[in-house]
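Work through the exercises below with the sequence and the structure at hand. Try each task before reading its solution.

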Amino acid sequence: MDLTFNDHLLPTLPAMNDLPEDKIVGITSTIPVEIVFAAGYIPVDLNNIFICDTHPYKMVEDAESAGLPRNTCAWIKGMYSVTRKHHIRKIISVVQGDCSNNQALMEIFQSEGIQTLPFAYPHSRTDTAFLYNQLVRLADALKVEYSKAEKMKKHLDAIRKKVHEIDRLTWVENKVTGGENHIWTVSASDLMGDYTIFDERATRFLKRVHDRKPIEYDLRIGLIGIPPICEDLYSFLSSIGAHVVFNEIQRQFSMPYPTKTLLEQYSQYTYPYDVFSRIDDIQHEIKQRNIRGLIHYVQSFCHRHIHDVMIRKHIQLPILTLDCDRPGRLDGAMKTRLEAFIEMLKTDKAEYTTLIRT
Ligand code: SF4
(Lines give C-alpha, C1' and ligand atoms only; values in the text may rest on other atoms or scores of the structure.)
Protein backbone atom coordinates (compact mmCIF):
# COMPACT_ATOMS: atom_id res chain seq x y z
CA MET A 1 0.00 0.00 0.00
CA ASP A 2 1.26 3.50 -0.76
CA LEU A 3 1.88 5.86 2.10
CA THR A 4 0.03 9.11 2.52
CA PHE A 5 -0.27 11.78 5.15
CA ASN A 6 -3.11 11.02 7.58
CA ASP A 7 -2.05 7.40 7.97
CA HIS A 8 -2.59 6.70 11.69
CA LEU A 9 1.17 6.44 12.22
CA LEU A 10 2.19 9.45 10.17
CA PRO A 11 1.79 13.20 10.43
CA THR A 12 -1.66 14.54 9.70
CA LEU A 13 -2.43 17.35 7.29
CA PRO A 14 -4.12 20.47 8.64
CA ALA A 15 -7.89 20.16 8.22
CA MET A 16 -8.12 23.22 6.01
CA ASN A 17 -11.85 23.76 6.49
CA ASP A 18 -11.50 23.88 10.28
CA LEU A 19 -8.72 26.47 10.39
CA PRO A 20 -9.46 30.13 11.05
CA GLU A 21 -9.06 31.72 7.60
CA ASP A 22 -7.42 34.90 8.89
CA LYS A 23 -4.68 32.88 10.61
CA ILE A 24 -3.61 30.74 7.64
CA VAL A 25 -0.37 31.69 5.93
CA GLY A 26 0.44 29.65 2.83
CA ILE A 27 4.12 28.99 2.16
CA THR A 28 5.52 28.05 -1.24
CA SER A 29 8.74 26.50 0.06
CA THR A 30 10.58 26.09 3.35
CA ILE A 31 10.85 29.47 5.08
CA PRO A 32 11.59 30.37 8.71
CA VAL A 33 8.33 29.02 10.15
CA GLU A 34 9.53 29.97 13.63
CA ILE A 35 8.60 33.56 12.79
CA VAL A 36 5.16 32.56 11.50
CA PHE A 37 4.36 30.45 14.57
CA ALA A 38 5.70 33.13 16.94
CA ALA A 39 3.38 35.66 15.29
CA GLY A 40 0.39 33.41 16.02
CA TYR A 41 -0.25 32.34 12.42
CA ILE A 42 -0.69 28.83 11.00
CA PRO A 43 1.89 28.05 8.29
CA VAL A 44 0.57 25.71 5.62
CA ASP A 45 2.92 24.32 2.98
CA LEU A 46 0.93 24.60 -0.25
CA ASN A 47 2.94 21.77 -1.82
CA ASN A 48 1.82 19.31 0.84
CA ILE A 49 -1.84 20.29 0.62
CA PHE A 50 -1.69 19.97 -3.17
CA ILE A 51 -0.08 16.56 -3.32
CA CYS A 52 -2.41 15.14 -0.65
CA ASP A 53 -5.56 16.43 -2.30
CA THR A 54 -7.87 13.62 -3.37
CA HIS A 55 -7.38 14.69 -7.01
CA PRO A 56 -3.95 16.34 -7.36
CA TYR A 57 -3.85 15.56 -11.10
CA LYS A 58 -7.04 17.56 -11.58
CA MET A 59 -5.49 20.44 -9.63
CA VAL A 60 -2.81 20.67 -12.29
CA GLU A 61 -5.44 20.61 -15.05
CA ASP A 62 -7.51 23.28 -13.28
CA ALA A 63 -4.48 25.58 -13.20
CA GLU A 64 -3.96 24.99 -16.93
CA SER A 65 -7.61 25.79 -17.59
CA ALA A 66 -7.06 29.04 -15.70
CA GLY A 67 -4.24 29.89 -18.10
CA LEU A 68 -1.01 28.55 -16.56
CA PRO A 69 1.21 27.09 -19.30
CA ARG A 70 1.39 23.35 -19.90
CA ASN A 71 5.17 23.56 -19.90
CA THR A 72 5.41 24.88 -16.34
CA CYS A 73 6.31 22.76 -13.34
CA ALA A 74 3.31 20.90 -11.88
CA TRP A 75 4.16 21.97 -8.32
CA ILE A 76 3.57 25.61 -9.32
CA LYS A 77 0.23 24.73 -10.90
CA GLY A 78 -0.75 22.67 -7.87
CA MET A 79 0.06 25.52 -5.48
CA TYR A 80 -2.00 27.89 -7.59
CA SER A 81 -5.06 25.61 -7.50
CA VAL A 82 -4.71 24.87 -3.78
CA THR A 83 -4.71 28.57 -2.99
CA ARG A 84 -7.91 29.09 -4.96
CA LYS A 85 -9.62 25.98 -3.65
CA HIS A 86 -8.99 26.81 0.02
CA HIS A 87 -9.42 30.59 -0.33
CA ILE A 88 -5.99 31.29 1.16
CA ARG A 89 -5.57 35.07 1.54
CA LYS A 90 -1.99 35.46 2.74
CA ILE A 91 1.11 33.81 1.28
CA ILE A 92 4.83 33.98 1.96
CA SER A 93 6.62 33.41 -1.34
CA VAL A 94 10.28 32.53 -1.71
CA VAL A 95 11.37 34.88 -4.47
CA GLN A 96 15.09 34.12 -4.34
CA GLY A 97 16.59 30.74 -3.54
CA ASP A 98 13.79 28.67 -5.04
CA CYS A 99 12.82 29.51 -8.64
CA SER A 100 11.64 32.27 -10.94
CA ASN A 101 8.37 30.38 -11.42
CA ASN A 102 7.61 31.12 -7.79
CA GLN A 103 8.22 34.79 -8.35
CA ALA A 104 5.75 34.78 -11.28
CA LEU A 105 3.28 32.82 -9.16
CA MET A 106 3.52 35.51 -6.49
CA GLU A 107 2.63 38.11 -9.10
CA ILE A 108 -0.43 36.09 -10.14
CA PHE A 109 -1.50 35.93 -6.49
CA GLN A 110 -1.04 39.69 -6.18
CA SER A 111 -3.17 40.27 -9.27
CA GLU A 112 -5.91 38.18 -7.64
CA GLY A 113 -5.90 40.30 -4.48
CA ILE A 114 -4.01 37.85 -2.26
CA GLN A 115 -1.61 39.40 0.22
CA THR A 116 1.91 38.23 -0.57
CA LEU A 117 4.99 38.59 1.58
CA PRO A 118 8.23 37.99 -0.33
CA PHE A 119 11.09 36.19 1.39
CA ALA A 120 14.51 35.99 -0.28
CA TYR A 121 17.47 33.81 0.59
CA PRO A 122 20.81 35.43 -0.27
CA HIS A 123 22.67 34.36 -3.36
CA SER A 124 25.50 33.10 -1.15
CA ARG A 125 25.01 31.31 2.15
CA THR A 126 27.86 33.41 3.58
CA ASP A 127 25.92 36.64 3.02
CA THR A 128 24.55 36.61 6.55
CA ALA A 129 23.79 40.35 6.60
CA PHE A 130 21.31 39.86 3.73
CA LEU A 131 19.72 36.85 5.40
CA TYR A 132 19.45 38.56 8.78
CA ASN A 133 17.76 41.51 7.11
CA GLN A 134 15.22 39.17 5.49
CA LEU A 135 14.49 37.42 8.77
CA VAL A 136 13.89 40.72 10.56
CA ARG A 137 11.75 42.05 7.70
CA LEU A 138 9.57 38.96 7.81
CA ALA A 139 9.14 39.36 11.59
CA ASP A 140 8.21 43.03 11.08
CA ALA A 141 5.73 42.16 8.33
CA LEU A 142 4.03 39.66 10.65
CA LYS A 143 4.25 42.12 13.57
CA VAL A 144 6.17 39.91 15.96
CA GLU A 145 9.30 40.65 17.99
CA TYR A 146 12.29 38.88 16.51
CA SER A 147 13.35 37.59 19.94
CA LYS A 148 10.07 35.63 20.13
CA ALA A 149 10.98 33.84 16.92
CA GLU A 150 14.37 32.88 18.39
CA LYS A 151 12.55 31.46 21.43
CA MET A 152 10.25 29.55 19.12
CA LYS A 153 13.33 28.10 17.40
CA LYS A 154 14.43 26.50 20.67
CA HIS A 155 11.00 24.98 21.10
CA LEU A 156 10.89 23.65 17.52
CA ASP A 157 14.47 22.33 17.79
CA ALA A 158 13.28 19.84 20.41
CA ILE A 159 10.49 18.67 18.10
CA ARG A 160 12.76 18.46 15.06
CA LYS A 161 15.09 16.23 17.07
CA LYS A 162 12.36 13.60 16.92
CA VAL A 163 12.38 13.82 13.12
CA HIS A 164 16.16 13.41 13.22
CA GLU A 165 15.65 10.29 15.33
CA ILE A 166 13.16 8.97 12.74
CA ASP A 167 15.85 9.59 10.12
CA ARG A 168 18.45 7.75 12.24
CA LEU A 169 16.09 4.81 12.64
CA THR A 170 15.86 4.67 8.83
CA TRP A 171 19.55 4.29 8.08
CA VAL A 172 21.08 2.96 11.31
CA GLU A 173 18.48 0.52 12.60
CA ASN A 174 16.56 0.03 9.34
CA LYS A 175 13.24 0.19 11.15
CA VAL A 176 11.70 3.08 9.23
CA THR A 177 10.94 2.78 5.52
CA GLY A 178 12.17 5.31 2.97
CA GLY A 179 8.54 6.31 2.35
CA GLU A 180 7.86 6.98 6.02
CA ASN A 181 11.11 8.90 6.25
CA HIS A 182 10.01 10.99 3.25
CA ILE A 183 6.66 11.91 4.80
CA TRP A 184 8.10 12.82 8.21
CA THR A 185 10.93 14.92 6.82
CA VAL A 186 8.90 16.62 4.09
CA SER A 187 6.24 17.58 6.61
CA ALA A 188 8.86 19.33 8.74
CA SER A 189 8.51 22.31 6.37
CA ASP A 190 5.38 23.51 8.18
CA LEU A 191 5.15 20.98 11.05
CA MET A 192 1.65 20.37 9.78
CA GLY A 193 0.62 23.87 10.84
CA ASP A 194 0.43 22.67 14.46
CA TYR A 195 3.71 21.73 16.11
CA THR A 196 1.99 20.36 19.21
CA ILE A 197 0.06 17.74 17.23
CA PHE A 198 3.12 17.06 15.12
CA ASP A 199 5.15 16.49 18.28
CA GLU A 200 2.56 14.09 19.73
CA ARG A 201 2.40 12.10 16.51
CA ALA A 202 6.19 11.91 16.22
CA THR A 203 6.44 10.66 19.82
CA ARG A 204 3.80 8.01 19.16
CA PHE A 205 5.49 6.95 15.93
CA LEU A 206 8.87 6.58 17.64
CA LYS A 207 7.38 4.38 20.37
CA ARG A 208 5.77 2.09 17.82
CA VAL A 209 8.81 1.88 15.58
CA HIS A 210 11.23 0.82 18.33
CA ASP A 211 9.43 -2.53 18.59
CA ARG A 212 9.63 -3.26 14.88
CA LYS A 213 11.91 -5.83 13.31
CA PRO A 214 14.54 -4.38 10.95
CA ILE A 215 13.49 -4.10 7.31
CA GLU A 216 14.85 -6.78 4.98
CA TYR A 217 16.40 -5.39 1.82
CA ASP A 218 18.94 -6.17 -0.90
CA LEU A 219 20.68 -2.82 -1.13
CA ARG A 220 20.69 0.74 0.19
CA ILE A 221 20.07 3.71 -2.05
CA GLY A 222 19.62 7.47 -1.72
CA LEU A 223 17.08 9.78 -3.33
CA ILE A 224 18.40 13.22 -4.12
CA GLY A 225 16.72 16.27 -5.63
CA ILE A 226 13.37 17.81 -4.83
CA PRO A 227 10.65 15.65 -3.25
CA PRO A 228 9.13 13.41 -5.94
CA ILE A 229 5.63 14.13 -7.26
CA CYS A 230 4.90 10.48 -8.14
CA GLU A 231 2.94 8.67 -5.48
CA ASP A 232 4.26 5.10 -5.56
CA LEU A 233 8.01 5.59 -5.99
CA TYR A 234 8.96 4.42 -2.48
CA SER A 235 6.64 1.42 -2.42
CA PHE A 236 7.89 0.36 -5.85
CA LEU A 237 11.55 0.65 -4.83
CA SER A 238 10.97 -1.36 -1.68
CA SER A 239 9.11 -4.03 -3.71
CA ILE A 240 12.31 -4.58 -5.74
CA GLY A 241 14.58 -4.76 -2.70
CA ALA A 242 15.88 -1.19 -2.50
CA HIS A 243 15.85 0.50 0.91
CA VAL A 244 15.88 4.31 0.55
CA VAL A 245 18.07 5.43 3.46
CA PHE A 246 18.57 9.04 2.40
CA ASN A 247 16.03 11.63 1.25
CA GLU A 248 18.32 14.53 0.53
CA ILE A 249 16.13 17.66 0.28
CA GLN A 250 13.40 16.41 2.61
CA ARG A 251 16.08 15.89 5.27
CA GLN A 252 17.11 19.51 4.76
CA PHE A 253 13.53 20.58 5.56
CA SER A 254 14.05 19.02 9.01
CA MET A 255 17.03 21.36 9.65
CA PRO A 256 19.48 18.53 10.38
CA TYR A 257 22.44 20.55 11.69
CA PRO A 258 22.77 21.74 15.31
CA THR A 259 22.55 25.54 15.37
CA LYS A 260 22.06 28.24 17.97
CA THR A 261 20.25 30.96 16.05
CA LEU A 262 17.81 31.32 13.17
CA LEU A 263 20.52 33.00 11.16
CA GLU A 264 22.84 30.02 11.58
CA GLN A 265 20.04 27.55 10.89
CA TYR A 266 18.92 29.13 7.62
CA SER A 267 22.51 29.68 6.45
CA GLN A 268 23.28 25.99 6.83
CA TYR A 269 20.08 24.76 5.18
CA THR A 270 21.43 23.80 1.74
CA TYR A 271 18.36 23.89 -0.55
CA PRO A 272 18.24 27.61 -1.45
CA TYR A 273 21.95 28.02 -2.13
CA ASP A 274 24.35 26.83 -4.82
CA VAL A 275 24.63 23.17 -5.76
CA PHE A 276 28.12 22.82 -4.21
CA SER A 277 26.93 22.80 -0.61
CA ARG A 278 24.33 20.22 -1.62
CA ILE A 279 27.05 18.09 -3.20
CA ASP A 280 29.16 18.25 0.01
CA ASP A 281 26.15 17.14 2.04
CA ILE A 282 25.35 14.31 -0.38
CA GLN A 283 28.99 13.09 -0.39
CA HIS A 284 29.04 13.05 3.39
CA GLU A 285 25.79 11.12 3.67
CA ILE A 286 26.77 8.58 0.99
CA LYS A 287 29.71 7.53 3.16
CA GLN A 288 27.89 7.75 6.45
CA ARG A 289 24.85 5.79 5.24
CA ASN A 290 26.71 3.29 3.12
CA ILE A 291 24.75 4.03 -0.05
CA ARG A 292 25.32 1.99 -3.23
CA GLY A 293 23.49 4.16 -5.78
CA LEU A 294 21.50 7.36 -6.16
CA ILE A 295 18.25 8.25 -7.83
CA HIS A 296 18.27 11.90 -8.82
CA TYR A 297 14.66 12.96 -9.00
CA VAL A 298 14.06 15.91 -11.33
CA GLN A 299 10.79 17.69 -11.93
CA SER A 300 9.82 18.33 -15.55
CA PHE A 301 10.30 21.99 -16.52
CA CYS A 302 12.38 22.72 -13.39
CA HIS A 303 15.67 24.61 -13.73
CA ARG A 304 17.19 22.30 -11.08
CA HIS A 305 17.40 19.60 -13.75
CA ILE A 306 20.55 21.42 -14.95
CA HIS A 307 22.27 20.48 -11.67
CA ASP A 308 22.26 16.87 -12.84
CA VAL A 309 25.43 17.47 -14.84
CA MET A 310 27.23 18.93 -11.80
CA ILE A 311 26.10 16.15 -9.52
CA ARG A 312 27.33 13.52 -11.98
CA LYS A 313 30.63 15.31 -12.33
CA HIS A 314 31.33 15.40 -8.59
CA ILE A 315 29.71 12.25 -7.24
CA GLN A 316 31.40 8.98 -8.13
CA LEU A 317 28.46 6.66 -7.61
CA PRO A 318 25.92 5.17 -10.02
CA ILE A 319 23.12 7.67 -10.60
CA LEU A 320 19.77 7.22 -12.30
CA THR A 321 18.02 10.46 -13.24
CA LEU A 322 14.26 10.14 -12.99
CA ASP A 323 12.13 12.85 -14.56
CA CYS A 324 8.45 13.13 -13.78
CA ASP A 325 5.81 15.68 -14.73
CA ARG A 326 2.47 15.16 -13.02
CA PRO A 327 1.14 13.54 -9.87
CA GLY A 328 0.11 9.92 -10.20
CA ARG A 329 1.65 6.49 -10.33
CA LEU A 330 4.91 5.56 -12.04
CA ASP A 331 4.39 4.58 -15.66
CA GLY A 332 5.71 1.37 -17.22
CA ALA A 333 8.82 2.99 -18.70
CA MET A 334 9.83 4.50 -15.36
CA LYS A 335 9.36 1.17 -13.61
CA THR A 336 11.48 -0.60 -16.21
CA ARG A 337 14.30 1.91 -15.82
CA LEU A 338 14.18 1.69 -12.02
CA GLU A 339 14.19 -2.11 -12.14
CA ALA A 340 17.12 -2.16 -14.55
CA PHE A 341 19.08 0.26 -12.36
CA ILE A 342 18.48 -1.67 -9.15
CA GLU A 343 19.27 -4.96 -10.88
CA MET A 344 22.55 -3.55 -12.14
CA LEU A 345 23.46 -2.37 -8.65
CA LYS A 346 22.65 -5.79 -7.28
CA THR A 347 24.78 -7.55 -9.84
CA ASP A 348 27.74 -5.23 -9.40
CA LYS A 349 27.66 -3.84 -12.91
CA ALA A 350 27.43 -0.45 -11.39
CA GLU A 351 30.26 1.14 -13.31
CA TYR A 352 28.06 1.28 -16.41
CA THR A 353 25.10 2.85 -14.71
CA THR A 354 26.41 6.40 -14.59
CA LEU A 355 25.51 6.50 -18.27
CA ILE A 356 21.83 5.99 -17.57
CA ARG A 357 19.78 9.12 -18.09
CA THR A 358 16.19 9.97 -18.81
S1 SF4 B 1 10.17 21.96 -8.79
FE2 SF4 B 1 11.56 23.49 -9.61
S3 SF4 B 1 10.29 24.76 -10.95
FE4 SF4 B 1 8.92 23.60 -9.60
S5 SF4 B 1 8.52 24.96 -7.86
FE6 SF4 B 1 10.26 23.62 -7.30
S7 SF4 B 1 12.10 24.79 -7.86
FE8 SF4 B 1 10.35 25.74 -8.92
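**Exercise 1.** In this predicted model, find how the shell around the ligand divides by residue class.

Solution. Sorted by class, the shell holds six nonpolar, three polar and two charged residues. The residues to sort are C73, W75, I76, D98, C99, N101, N102, I226, Q299, C302 and R304. Cys counts as nonpolar, so C73, C99 and C302 go into the nonpolar class. Asp and Arg count as charged, which places D98 and R304 in the charged class.

**Exercise 2.** Which helices each supply at least two residues of the shell, and where does the ligand shell lie relative to the domains?

Solution. The helices are α4 and α5 (100-111). Next, take the domains: domain 1 (16-144) and domain 2 (149-355) both give residues to the shell, so the shell lies between them.

**Exercise 3.** Describe the phi angle, the location and the exposure of H87.

Solution. Start with the general rule: most residues other than glycine have a negative phi. H87 is not a glycine, yet its phi is positive, near 50°. H87 sits in the loop between α4 (74-85) and β3 (90-96). A residue is exposed if 12 or fewer other C-beta atoms lie within 10 Å of its own. H87 has 10 such neighbours inside 10 Å, so H87 counts as exposed.

**Exercise 4.** Is N290 buried or exposed, and in which loop is N290 found?

Solution. N290 has 11 C-beta neighbours inside 10 Å and therefore counts as exposed. The loop that holds N290 runs between α13 (275-289) and β7 (293-299). Phi of N290 is positive, about 55°, although N290 is not a glycine.

Definitions and conventions: Residues numbered from 1 in each chain as written. Predicted model: local features only at pLDDT ≥ 70, side-chain atom pairs only at ≥ 80, totals over all residues. Helix = DSSP H or I, 4+ residues; strand = E, 2+ residues; numbered from the N terminus. Buried ≥ 20, exposed ≤ 12 C-beta atoms within 10 Å, placed from the backbone. Near = placed C-beta within 6 Å. Domains from an automatic or database assignment.
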